[in-house]
Amino acid sequence: MSLALSTLIYEWRRYMAAVVALAFAGLLVLSVTGLFMGIGESFNAPIERSPADIMVLGPTADALFGGGAGLPARIGPQMYMYPGVAQVEDLELNFAIWQNDPNGGAAGKKPKKVSSQQNGLTTYAIDNTPGSVTTPIDFGQDLRTALDEPYAIALDETALNQLGVKLGDKASLNGTSVTVRYVVHGYANVINPMVFMSRQTALLIGVAHQSNRTGPLMVKLYDPSQAATMRDKMNANANGQYRAWTRGDLAKANQKSLLNNNVIGIMLFGGLALGGLVGLVITWQTLRGAIFANIKEFASLRALGVPMGALRWVIMELAFWVGVAGLAFTAVMVWGLTVVAAAFGLPMAYPIEWVVAVVVMLMVVAIGSGFLSLGVLKKSQPADLLR
């Protein structure tokens, strides 16, 4: 075991502040990133869990919610011209104004209205047939049966309190009375709660496409392993009318679109810079103080003939191990935060590129702190041992 590592282990209390500072710097960045990415994934959850292998969007769309996602209705039938296509349906995503009904099963509650512009409720219509490409794979027969009832809807468990209803309550969507007939799990959305309904109910309350244009197309293949090949064939014959995506490609594009949002991007990069700066200052001062507390030991090593270069290397290695300990502590804290967030229905997601960025940031901060602390060694004069 090296001198630096043994020093960190046996005198861990002196270095704990540096480890904690690094961990909280990493937690600051990853928590903000995880929150925004989790919100983005909550929008994509019904698509990620659908049997669809390919999504077909407009030719100018750069993500699911990017511009130009709609398509002319004639594109849908054209998809069956490709051998291997088993099922094609359009995605019925829309927004609606929600208001609970205090006299319809939620007695004593005040009506709670959600703005369709800023805090709108997202509607998702499914086809109530087994194996439908628009129905998430975790939706069982009991849910499909519940939604067969006209004006029946399903909500995620985390949206009940936010919308002021419970199972069996009545509410209104765009002024039309609906009933909460089922509660789903794993579709939390802290910005726009998602409501599920049958395509027939969507038509009845006016949130279904009723023109010559449709939403994105969900395509199911007989052989899902051919998704990439089929995507390439479709794009080669698109003639600028549409663009096909595999689900994996679309998920990455959605994530990139969210990160490219100006406000979110500023917050994430600002958090990365702030976390790095705070971590650097605290880690540097902690390391400097800990090294100064051991200055007589370093002076003894110099008296024994250990060169200054070797002592500097010990400091740098010590900073490296502080960084490793900080990363481990960060992992534990992020795991705990994710578990707590999940308990409250808050989804968290951590893009690998941001995890790598945080790892690099923490190691740079730790090693940079060690470099800034090298000046303390100038005070390790062997003559001081005689005092």
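Start by selecting N239, in the loop that runs between α7 (227–236) and β14 (243–246). In this predicted model, N239 has a relative accessible area of 68%, so it is exposed, the cut-off for that label being over 50%. Colour by backbone torsion if your viewer allows: phi of N239 is near 55°, a positive value in a residue that is not glycine.

Next, jump to N174. You will find N174 in the loop between β9 (170–173) and β10 (176–184). Here too the residue is not a glycine, yet phi is positive, at about 50°. How exposed is N174? N174 counts as partly exposed because its relative accessibility is 35%, and that class lies between the 20% and 50% limits.

Now go inside and pick T201, a residue of helix α6 (residues 199–205). With a relative accessibility of 1%, T201 counts as buried. Show its surroundings: leaving aside residues up to four places away in sequence, T201 touches E149, P150, Y151 and A152.

A longer selection comes next: helix α12, residues 352–372. Put a distance label on its two end C-alpha atoms, and you should read 30 Å. Why does that agree with expectation? At 1.5 Å a residue, the 21 residues of α12 should span 30 Å, so the two values match. While α12 is selected, highlight its buried residues: W354, V358, M361, L362, M363, V365, A366, S369 and G370.

For the next stop, bring up the second largest pocket, which holds about 240 Å³ of space. Its lining has 18 residues; to centre your view, select R49, G186, Y187, A188 and P347, the ones nearest the middle of the pocket. Then show α2 (12–48) and α11 (308–343), each of which gives at least two residues to the lining. The largest share, four residues, belongs to α2. Colouring the lining by class gives nine nonpolar, five polar and four charged residues.

Finally, zoom out to the whole protein chain. A cartoon view shows twelve helices and 14 strands. Of the 387 residues in the chain, 48% are buried. Switch on the surface and about 18500 Å² is exposed, with carbon and sulfur atoms supplying 62% of that area. If you draw a contact map, look away from the diagonal: among contacts between residues at least 6 apart in sequence, 80% join residues at least 24 apart.

Conventions
Residues are numbered from 1 along each chain as its sequence is written. This is a predicted model: local features need pLDDT of at least 70, side-chain atom pairs count only at pLDDT 80 or more; totals for chains, interfaces and linings use all residues. Side-chain values use heavy atoms; hydrogens and water are left out. Buried means under 20% relative accessible area, exposed over 50%, partly exposed in between (1.4 Å probe, protein chains only). Contact means heavy atoms within 4.5 Å. Accessible areas come from the Shrake-Rupley method with a 1.4 Å probe; for residues, only the protein chains shown count as cover. The expected span of a helix is 1.5 Å times one less than its number of residues. On a 1 Å grid over the protein atoms alone, a cavity is a set of points where a 1.4 Å probe fits but cannot get out, and a pocket is an open set with protein on both sides within 12 Å along at least five of seven lines; lining residues have an atom within 4 Å of a point. Grid points are joined across faces, edges and corners, and a volume is the space filled by probe spheres set on the points. Ala, Val, Leu, Ile, Met, Phe, Trp, Tyr, Cys and Pro count as nonpolar, Asp, Glu, Lys and Arg as charged, and the others, Gly among them, as polar.
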